[in-house]
Amino acid sequence: MNIIKINTKNKAKKLEKLKEENFKLRKKIAENFKKQMYIEWSIEPVPEWFDHYIDLYSSWGWDAGNAYWVERGCYNILAIKENANILELCCGDGFNSKYFYSSRARKIDSIDFDPAAIKHANKYNKKSNINFICSDIRKDLPDNKYDNVIWDAAIEHFTESEIKDILKKIKNHLVENGMLSGYTIVAHETSKYFSLHEYEFKSKEDLLEYLNPYFKNIMVFETIYEDRHNLYFYASDGLLPFSKDWKHMVSK
Ligand SMILES: C[S@@+](CC[C@H](N)C(=O)[O-])C[C@H]1O[C@@H](n2cnc3c(N)ncnc32)[C@H](O)[C@@H]1O
């Protein structure tokens, strides 16, 4: 960045003017994204995936929105080995692939079975080390081994038997000590969160039980907000983030 030489008084004035302009621009951009949100989500058919630019520019850019859409990317980053070969299942819009995972990855294969999601991802979240693939993960996974598999906000879109089948396949597509990570939600007591969900987990213990047959080490933890109870998971035969000998941490 070029440093422009102006006197201190001018700097303060110029800065304040820019902040005011940006404030107005943020408001305008947020209004446009609110329109997109309204049209996308209140008129049928609604998608099975979310455009996270709405989170970025409306929920965060203007309203004091929740933080859990960012938690997901951050917790997954902790699982990703440096220069990892990543398989991302059910990538949706590709926002997390680009802004959270790709900077740690050598290569990402990001899969979704919705052609509209893949088209959107390729148009708005393209990056040279991400390969967006249109495919049904119940039928096909790339013939490859991965350091990390990320299954974020999507395990609940499958039936109990599909989840078990896919977990078995994930294990076969991980390198030795490779890691699965992701996020899901805890079911409401009465109704489903979203009509397209097949199985919503009852608790962190319930999710742990599903992962248990396939991995030696598993961590499931929760964050609880007024409107949502989130579950995050790490599963591997090797070390998990925050485990005692994890090389990125010291503790006493
Ligand atoms: C709630 S979205 C999550 C998208 C993304 N991971 C995120 O966090 O924003 C669930 C995604 O799962 C995809 N999906 C559902 N069933 C699938 C299947 N059988 N194969 C591949 N993708 C599937 C949907 O198309 C949708 O994009």
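**Notebook: core, helix 2 and the ligand shell**

I began with the largest nonpolar core of this predicted model, which holds 50 residues, and I noted that Ile86, Leu89, Val149, Trp151, Leu231 and Phe233 have the most contacts inside it. I then looked up which element supplies the largest share of this core, and found that strand 7 (residues 229-236) does so with five residues. In soluble globular proteins, nonpolar side chains tend to be buried together.

From that list I picked Trp151 and, leaving aside its neighbours within four places in sequence, found it in contact with Leu89, Cys90, Leu180 and Gly182.

Next I turned to helix 2 (residues 52-59), where the buried residues are His52, Ile54, Asp55 and Ser58. Seen down the axis of helix 2, these buried residues fall within an arc of 150°, so they line one face of the helix. I also looked up what covers them, and the list includes helix 1 (8-42), helix 3 (68-79) and helix 4 (95-101).

For the ligand, I found 20 residues around it, of which Trp49, Cys90, Gly92, Phe113 and Ala153 come nearest. I sorted the shell by residue type and recorded 10 nonpolar, three polar and seven charged residues.

I finished with Phe113, which lies in the loop between strand 2 (105-112) and helix 5 (115-124). Is Phe113 buried or partly exposed? I entered Phe113 as partly exposed, because 17 other C-beta atoms lie within 10 Å, while a buried residue needs 20 or more. Not counting residues up to four places away in sequence, Phe113 touches Cys134, Ser135 and Asp136. I also noted that the C-alpha atoms of Phe113 and Asp143, 30 residues apart along the chain, are separated by 17 Å.

Note on methods: Residues numbered from 1 in each chain as written. Predicted model: local features only at pLDDT ≥ 70, side-chain atom pairs only at ≥ 80, totals over all residues. Helix = DSSP H or I, 4+ residues; strand = E, 2+ residues; numbered from the N terminus. Buried ≥ 20, exposed ≤ 12 C-beta atoms within 10 Å, placed from the backbone. Contact = placed C-beta atoms within 7 Å. Near = placed C-beta within 6 Å. Nonpolar A, V, L, I, M, F, W, Y, C, P; charged D, E, K, R; others polar. Core = buried A, V, L, I, M, F, W, Y, C linked by C-beta atoms within 7 Å. Arc of directions from axis to C-beta.
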